[in-house]
Each structure stands twice: as structure tokens, then as C-alpha cells.
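Please open the model in your viewer, with a cartoon for the backbone and sticks ready for the side chains. The tour below proceeds selection by selection.

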Amino acid sequence: MADDIQNPASALALSDPSRLLLPAVLLIEDDERLGAMTQEMLSEDFQVSWARTGAEARALLSGSHYDALVVDRRLPDMDGLRIVRDLRAAGMTTPALMLTALAEVDDIVAGLDGGANDYLTKPFHFAELQARLHAMLRGFAARTVTIAIGDWMLDTVSSRIEDPDGRGLTLTRAQVALLATLAASPNHVFSREELLREVFDDASEPNTVDVYVSYIRGKTTRSIIETVRGRGYRIGSPEAD
């Protein structure tokens, strides 16, 4: 209920279901006047939820999916950059734009190094904020590759895989590369030699493929990779229980 009171995006979606197709943006801004104006201006192109504190933002992030974040650095209970850093540490790649009065080069560098995708200093023009959000989302979509493997979802950018219940876990880059190679040709049976050549380096031991297949199955489910006796491996079709 609190979410609906603070964030009229859900009410707007009920009155106009087509708004459900708009990107969902979480605005994290403690200034009541600026927050209200920003939410109103962005609501033409986005579903905008608004959090006034870092604690409110974390509560919303734990229960909802957002396509982008607009984060003020000077929040009453924490530095907004801490929210972004924590998300990156958890493997979440949601693009984030820092919105702040801190205009020094060192502050901007700290924000970008901390995981922000873009940085806009106050005061700003709402048209520029809208344009930067659209550009950030286009860039993020262009580099995000999600592969369905049965009822599992592999994100090759974040190196994470989600089980059918939405629980995520992190894989190594080599494990991601192996799964992505198998998934790219689902009907093809890859020999160990093929996988060594395409995924690993020439110095790898012949049993490297078997070891990595075992690692992946141990982290996920045995049926994610199918063994074809005498020939090699192909991608499986793991289903929800």
C-alpha cells in the first residue's frame, strides 16, 4: 500500500494499461519539490516510482524490477552511490544515472567508478535528463544478451543465471562461454575437441571440458547440459520441477 501512495505509477498503469509497456524507472530523490517535478516530467515516457530515502529505495528494489535508476547522491540516510555499489556487488546491472550537485571532476569519476552509467549535475534541464535516460537504456539493451536454456535464463553480460523460480547465481566467464556456445547451436552435439577450440585455449587439458561441465551442473542442474555418449555434449532443456 505504501508503494502505491508514494508512487502513482501503478495507479496510472491501472487507468491506462498501455503504460505497462513503458520502461520502469526508480527515482531516488529526497527534495520534495524537485522529486515531484522530476517524476511528473519523466512520467510521459516512463513508469516512475519515487523513493525519498535510501531505505525506501532498497525496499522498492527488493520487491520490484526497474529498467533504470535515477539516484541523488545526497540522501538523508546515505550516499546514493552506496546503493549503486551494493547493487553492482550483488551482480545487478540495472543502469543508473547519478543526479547530484557534486560537480567536481573527482566526484564524477567516483560515481562512474562506483558503478554509475551516467552522471548529471544540478541544476539540469528535464529534456536533457529524459534524453540521457533514453540513451542509457538503448545502450544497455544493445549490450545485454539473455539466453533461455529451458526454464533457466542466462545473462551473458552479468555472468548470472536464474533458475525457474527467479533465483540467481554467478558463473565464471568460462562457464558462461561454455553454456552460451552450446546454446547457440541447440541441435548440435559438440565434441570435446570443438569445445576446447571454441571456449578454452590451446594449452587446456583434454579433460577441461568435462571438469567445467561438472562445475556447471553442480551449480545449476544436471539436465542443463546433455551428455551424448561417445560423441560429446549438447545443451539440455531443464524444466521447472
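What follows is a walk through a predicted model, beginning with a sheet and ending at a single residue.

**The sheet.** Select the strands β6, β7, β8 and β9, which form an open sheet of 4 strands in the order β6-β7-β8-β9, with antiparallel pairing. Colour β6 (146-149) and β9 (168-170) separately, since these two stand at the edges; each has a single partner strand, so one side of each is left without a neighbour in the sheet. If you look across the strands, the twist from one to the next averages 25°.

**The helix on the sheet.** Add helix α8, residues 173-184, which packs on the sheet and touches β6, β7 (152-155) and β8, while its direction makes about 70° with that of β6.

**The pair β8 and β9.** Now restrict the view to β8, residues 160-162, and its partner β9, where the antiparallel pairing extends over 3 bridges. Within this pair, Arg160 can be picked out as the residue standing opposite Thr170 in β9.

**Asp72.** Leave the sheet selection and centre on Asp72, which has its place in strand β3, residues 68-72. Is Asp72 buried or exposed? Its relative accessibility is 3%, and because the cut-off for buried is under 20%, Asp72 counts as buried. Show its side chain as sticks, and you will find that it reaches the backbone nitrogen of Arg74 at 3.5 Å. Finally, select the surroundings: setting aside neighbours within four places in sequence, Asp72 is in contact with Ile28, Glu29, Asp30, Gly80, Leu99, Thr100 and Lys122.

Note on methods. Residues are numbered from 1 along each chain as its sequence is written. This is a predicted model: local features need pLDDT of at least 70, side-chain atom pairs count only at pLDDT 80 or more; totals for chains, interfaces and linings use all residues. Side-chain values use heavy atoms; hydrogens and water are left out. Two strands pair if DSSP finds at least two bridges between them. Axes are lines fitted to C-alpha atoms, for helices over the stretch in contact, and angles run from 0 to 180 degrees between N-to-C directions. Contact means heavy atoms within 4.5 Å. Buried means under 20% relative accessible area, exposed over 50%, partly exposed in between (1.4 Å probe, protein chains only). A polar contact is a pair of N or O atoms within 3.5 Å; within protein, one must be able to donate a hydrogen and the other to accept it, and residues adjacent in sequence count only if both atoms are side-chain atoms.
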